[in-house]
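Subject: The structure you asked for

Hi,

Here is the structure, ready for you to open next to your notes. Have a look first, and then read on for what turned up in it.

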Amino acid sequence: MDLSNGRNGSGDEENYNSREGKKLYHRHTTEQIQQLEAFYNECPHPDKNQRQQLSRELGLDQKQIKFWFQNKRTQIKALNERADNNSLRSENERIHFENLSMHEALKNAFCPSCNSSGVCEEEKLQNLQRLRIENARLKEEYERAVNFFTNYTGNPALPFAGTEPSTSAPGQQYMSQHWSTSVTHVDKSVITETAVAAMNELMELLRVNEPLWFEVPSDHGRYTLRRDSYDMIFPKSNQVYTSSARFESSKDSGEVAMSATHLIEMLVDVNKWKEFFPTIVTKATTLEEYLVMYQKMHILSPLVAPREFFFIRYSRQINSSTWVLVDMSYDFITQLQDSVPTRSWRFPSGCIIQDISNGKSTSFEAELMGVFSNSVDFVCGSQAYGAKRWIITLQRMCERFSFSNGLIATPTNELEGVIESLEGKRNVMNLSQRMVKSFFKVLCMSDKLDFPNPSEYQNSGVCVALRKSDGPHQPDGFIVSAATSLWLPFSKEHLFTFFQDEKRRAQWDVLSNGSPVIPVAHISTGTHPGNRISIIQPFVPKENKMAVLQESSIDSLGAAIIYAPMDLKALLSVVNGDDATKIPILPSGFVISTDGRASRGTNGASTSSNTGSGGSLLTVAFQILICHSQLTTQLNMESVATVHTLINSTVKKIKAALDYND
């Protein structure tokens, strides 16, 4: 997909000064615009010779002529589509209210023969037959309107708003205690209209490069929207443009080792979607019978609040090899009782997925959102919530899926061959995936209980949360979680290699008690040698009952090392085929993110090549089981002090091992 830079507007031209990095504007004169308008009315698609003639007559470059006509055609198309959309909406509302009037008249019917407000059985059957005929007529009218809209725009529309889905969506009962009313017929028609309009907007965003998208001069390869062009072509209501709102946009593409059909099946299944994006999606569920979804996204640090969305998800197959999926925020929050307004709003965002060959597909993705906050994310480059993060995470999880199913040959070494059977490896990978999901769910510090936090710890930079275990997947009792984030002047590769080095683990891991650890087995989860699952046994004399399950992963945006101690006998039972869901897991670990900044001084740190990338953001998180019975205030105070000591001592050990003094 060509992503070349473009210019803006039907009356203004805009570009960047390569030396100064400033925008330069060229405003057409009134006479030039009048002549361009007159020529457009006669010929909306001028050929090269006609553009050359206009260029000579108006004194403009041929590119300026070309971009003006392109902008004008896009603007006219958008205006026509909105007019047709309003016409369809009015027709739909008229049909709906006619149907409501018939239902109301039937309720108030009076039967003179039996002197009752009800109707006789014979008349009831006649009314029922008449309503069925009328309903069939209304459906035909609606289908004609939809077909007209489809033929005009070239895009399929949603099914009839009154039809029921064939299966219940998973997570349908989530937040049912807060859902005040079901979605009415009027709401369904609005949802239908919103979804169709959002898909049309997304397809236009991904199809058109100029004048909507441009490459950021200071960040090669990252594309963002021209706000003025976007607002002109796709005007939005003022409610999403407040003084505190920040608009974010990004666009990316990549090849994925999965077919388009399987990708769509995964994206519309809320459970599979959460499984594929555990590092992004903390919570997700489906509300009501449409794919009306709730999502909580996090940014791999407890210091940044997660973003919550209520949105419509709609997918449609365009042809035999292409699918489109779109997400669009919808204001369902007004129907939720005892809830605070959402602080984030997703404009039409999503992806076009095209099958290529060998079970692979190409995904073109765009992500647009408004954030109602004055805070600035600590990760630079707008990649924390952008399209690039979705693409890279999807590629990484598809690679992991291929390794778990034996579709890719694993590297040969002695530790890889410890677990011989494919089923045993898959069982351990499923257990490790559950560990990773649990870790990132805890990292956002949600669902926590109130507890006293001493004043000396409140501004320490360490986030502490107390919760009760939520089922058999975790040890029974009360759990304290603690996490903090800090900047280190080392590249993510350098930090990842340090934490993965089993010979240096004793320098930071309290479980090793300063003694070396023994690697027992490795399971590769990717082509990078660092993407693997490890079974490690701490060297403790006369004690061989404990093991550590660890998964490490790295990609172009960051890395993670997540581990959990567990009973060695239970872990061996998983390898032999026992149910892995019965094993409680309490993971801890590290998340490494690039800070996106230019290189800066290290203030005494090593000046090797490992420190020249601008640094990394390291998040450290631990979990501790404090008791199985009733909590006391004294126990709470001791637990808070313990986790603070553990976090601070671990950070000091890491800095000392890396020879870094801040």
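Two strands count as paired when DSSP finds at least two bridges between them. With that in mind, strand β16 (residues 532-538) and β17 clear the bar, since they pair in the antiparallel sense over five bridges. Before I go further: this is a predicted model, and everything below is computed from it.

**The big picture**

The protein chain has 662 residues, and 50% of them count as buried. It holds 13 helices and 20 strands. Of the contacts with a separation of 6 or more, 65% are between residues 24 or more positions apart.

**The sheet around β17**

β16 and β17 belong to an open, antiparallel sheet of eight strands, in the order β13-β14-β20-β19-β18-β17-β16-β15. Its edges are β13 and β15 (517-524), each of which pairs on one side only. From one strand to the next, the twist averages 15°.

Now zoom in on β17. On the β16 side, Ile536 has Val548 of β17 as its bridge partner, and Ile533 stands opposite Glu551 of β17. There is also a helix here: α12 (residues 568-575) packs on the sheet and touches β16, β17 and β18, with its direction at about 110° to that of β18.

On its other side, β17 runs antiparallel to β18, and nine bridges join the two. Met546, for instance, has Asp567 in β18 as its bridge partner. β17 and β18 make a hairpin, with three residues between them. How much of β17 is covered? Most of it: eight of its nine residues are buried.

**The nonpolar cores**

The largest nonpolar core has 37 residues, and those touching the most other members are Leu488, Phe499, Phe590, Ile592, Leu618, Val620 and Ile654. Several sheet strands feed into this core: β13 (463-468), β14 (478-488), β17 (546-554), β18 (558-567), β19 (588-594) and β20 (616-627) are among the elements giving two or more residues, and so are the helices α11 (492-500) and α13 (633-657).

Phe499 is a good residue to click on. Setting aside neighbours within four places in sequence, Phe499 is in contact with Trp508, Ile561, Phe590, Ile592, Leu618 and Ile654. Apart from this core lies another one, of 31 residues, including Ile264, Phe309, Phe311 and Trp323. As general background, nonpolar side chains in soluble globular proteins tend to be buried together.

**A buried glutamate**

Glu204 is in helix α5 (residues 185-207). Is Glu204 buried or exposed? Its relative accessible area is 9%, so Glu204 counts as buried, the cut-off being under 20%. What does its side chain meet? There is a polar contact between the side chains of Glu204 and Arg207, at 2.7 Å. Beyond its neighbours within four places in sequence, Glu204 is in contact with Thr74, Lys77 and Phe234.

**A pair of helices**

Last one. Helix α9 (residues 387-404) packs against helix α10 (residues 422-443) at an angle of about 150°, and their axes are 9 Å apart. From α9 come Met397, Arg400 and Ser404, which meet Leu422, Arg426, Met429, Ser432 and Gln433 of α10. That contact is a mix of three nonpolar, three polar and two charged residues.

Cheers

Note on methods. Residues are numbered from 1 along each chain as its sequence is written. This is a predicted model: local features need pLDDT of at least 70, side-chain atom pairs count only at pLDDT 80 or more; totals for chains, interfaces and linings use all residues. Side-chain values use heavy atoms; hydrogens and water are left out. Axes are lines fitted to C-alpha atoms, for helices over the stretch in contact, and angles run from 0 to 180 degrees between N-to-C directions. Helices (H or I, at least four residues) and strands (E, at least two) are DSSP runs, numbered from the N terminus. Contact means heavy atoms within 4.5 Å. Ala, Val, Leu, Ile, Met, Phe, Trp, Tyr, Cys and Pro count as nonpolar, Asp, Glu, Lys and Arg as charged, and the others, Gly among them, as polar. A nonpolar core is a set of buried Ala, Val, Leu, Ile, Met, Phe, Trp, Tyr and Cys residues joined through side-chain atoms within 4.5 Å. Buried means under 20% relative accessible area, exposed over 50%, partly exposed in between (1.4 Å probe, protein chains only). A polar contact is a pair of N or O atoms within 3.5 Å; within protein, one must be able to donate a hydrogen and the other to accept it, and residues adjacent in sequence count only if both atoms are side-chain atoms.
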